[in-house]
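Please look over the sequence and the model together before reading on. The paragraphs below move from a single loop residue to a helix, then to a strand and its partners, and finally to some charged pairs.

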Amino acid sequence: MRFNKLFVLGLALSGALLLAQTEPPVETAPAPTPATDPAYRLNLGDRIGVSIFGEADLNAQQMIDRNGLVRLPLIGELSVAGRTVREAEALVEAAYQKQEILKAPQATLTMIAYAPREVTLLGAVRNPGTFQFPPNTVSLDIRDVIARQGGFTPVAKGDSVAVTRRQPNGKEDTTVIDVDRMMFGRTHKRENDEVFLIYPGDRIYVPERLF
């Protein structure tokens with residue numbers, strides 16, 4: 001009798017193990033893709049999806065290369081780095097029209113994956129170096145970026161902050177911003193109506209005052 005009980009128990013355990021091995025793994029739902037912000041400026045290394053309404057054969061996924069280019073079916077290379085999503089969509093539509101491939105194309109650009117989204121902040125700030133944009137953040141006001149890196153040092157020349165940005169044609173432009181005036185006007189109150197937005201890939205340099 002004891003032998004029979006052990007035999008039955010062994011069969012039960014074997015069946016449980018076999019059932020566990022044959023049950024399909026539990027699938028988890030994929031993480032939802034964040035909505036594409038039409039104002040987001042495309043960066044080198046971004047992976048994008050381009051679709052043309054009613055033209056499935058022309059759909060493509062591409063990574064923006066080091067020259068700011070993507071290669072799309074039938075029209076070839078387009079320079080999209082530095083453009084907003086909306087500007088890039090208009091550029092794609094114009095290219096298909098110009099080459100007489102489509103009469104009235106409707107392009108949709110979707111962000112598949114973002115490149116490392118960094119801003120370099122150097123000079124007279126308390127924590128100079130590379131600043132990583134928070135997830136799903138398209139832009140930040142320059143005051144917020146400087147504050148996140150500890151703020152100005154006592155010798156910072158805050159009225160001459162230089163921001164260098166790559167333009168859609170691949171060239172770089174530098175703009176000098178009076179951040180002191182933006183932070184503290186004549187009344188020593190922050191002027192919230194004045195904003196200068198910083199985008200991934202920008203370089204910020206804060207010079208020192210000459211005494």
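Where does Leu-74 lie? In this predicted model, Leu-74 is found in the loop between β3 and β4, and its phi is near 75°, which is a positive value in a residue other than glycine. With a relative accessibility of 60%, Leu-74 counts as exposed, because the cut-off for that class is over 50%.

Around that loop, the chain as a whole has four helices and twelve strands. Of its 211 residues, 34% count as buried, and the surface that the chain exposes comes to about 13,700 Å², with carbon and sulfur atoms supplying 54% of it. Among the contacts in the chain with a separation of 6 or more, 54% are accounted for by residues 24 or more positions apart.

Helix α2 can be followed in some detail. It runs over residues 85-98, and since 14 residues at 1.5 Å a residue should span 20 Å, the distance of 20 Å between its end C-alpha atoms agrees with that expectation. The buried residues of α2 are Val-85, Ala-88, Glu-89, Val-92, Ala-95 and Tyr-96. They cover an arc of only 125° around the axis, and therefore they sit on the same side of α2. The cover over these buried residues includes four strands, namely β1 (47-52), β3 (69-72), β4 (76-79) and β5 (107-113).

One member of that buried set carries a charge-bearing side chain, and its partner is worth tracing. Glu-89 has a relative accessibility of 10% and counts as buried, because the cut-off for that class is under 20%. Glu-89 forms a salt bridge with Arg-86, in which the closest N and O atoms are 2.7 Å apart. Both residues lie in helix α2, three residues apart, which is about one turn of the helix.

What follows α2, and with what sign of phi? The helix is followed by Glu-100, whose phi is positive, near 55°, and Glu-100 is a residue other than glycine. Glu-100 is placed in the loop between α2 and β5, and at 73% relative accessibility it counts as exposed.

The next stop is strand β12, residues 203-206, whose covered face holds Ile-204 and Val-206, while Arg-203 and Tyr-205 make up the uncovered one. This follows a general pattern, because in a regular strand the side chains alternate between the two faces of the sheet. Strand β12 pairs with β6 (residues 118-123) in the parallel sense over four bridges, and within that pairing Leu-122 has Tyr-205 as its bridge partner. Strand β12 also pairs with β9 (residues 161-166), here in the antiparallel sense and over three bridges, with Val-163 standing opposite Ile-204.

Which residue meets Arg-203 of this strand in a salt bridge? The side chain of Arg-203 meets that of Glu-172, with 3.1 Å from N to O. Arg-203 lies in strand β12 and Glu-172 in strand β10 (residues 172-177), so the pair ties together parts that are 31 residues apart in sequence. Arg-203 is partly exposed, having a relative accessible area of 37%, and Glu-172 at 39% also counts as partly exposed. More generally, side chains of opposite charge can pair when their charged atoms come close.

The count of salt bridges in the model comes to seven. Another of them joins the side chains of Asp-178 and Arg-181, at 3.8 Å from N to O, and these two residues are linked with Glu-194 in a network of salt bridges. At 26% relative accessibility Asp-178 counts as partly exposed, and Arg-181 at 41% counts as partly exposed as well.

Asp-180 belongs to helix α4 (residues 179-183) and is partly exposed, with a relative accessible area of 33%. Leaving aside residues up to four places away in sequence, Asp-180 touches Phe-152, Gly-158 and Asp-159. Asp-180 and Lys-157 are 23 residues apart in sequence, and their C-alpha atoms are 8.4 Å apart in space.

Technical notes
Residues numbered from 1 in each chain as written. Predicted model: local features only at pLDDT ≥ 70, side-chain atom pairs only at ≥ 80, totals over all residues. Heavy atoms only, no water. Buried < 20%, exposed > 50% of the residue type's maximum accessible area, 1.4 Å probe, protein only. Helix = DSSP H or I, 4+ residues; strand = E, 2+ residues; numbered from the N terminus. Pairing = 2+ DSSP bridges. Contact = heavy atoms within 4.5 Å. Areas by Shrake-Rupley, 256 points an atom, 1.4 Å probe, with all protein chains shown as cover. Expected span 1.5 Å × (residues − 1). Arc of directions from axis to C-beta. Salt bridge = Lys/Arg side-chain N within 4 Å of Asp/Glu carboxyl O.
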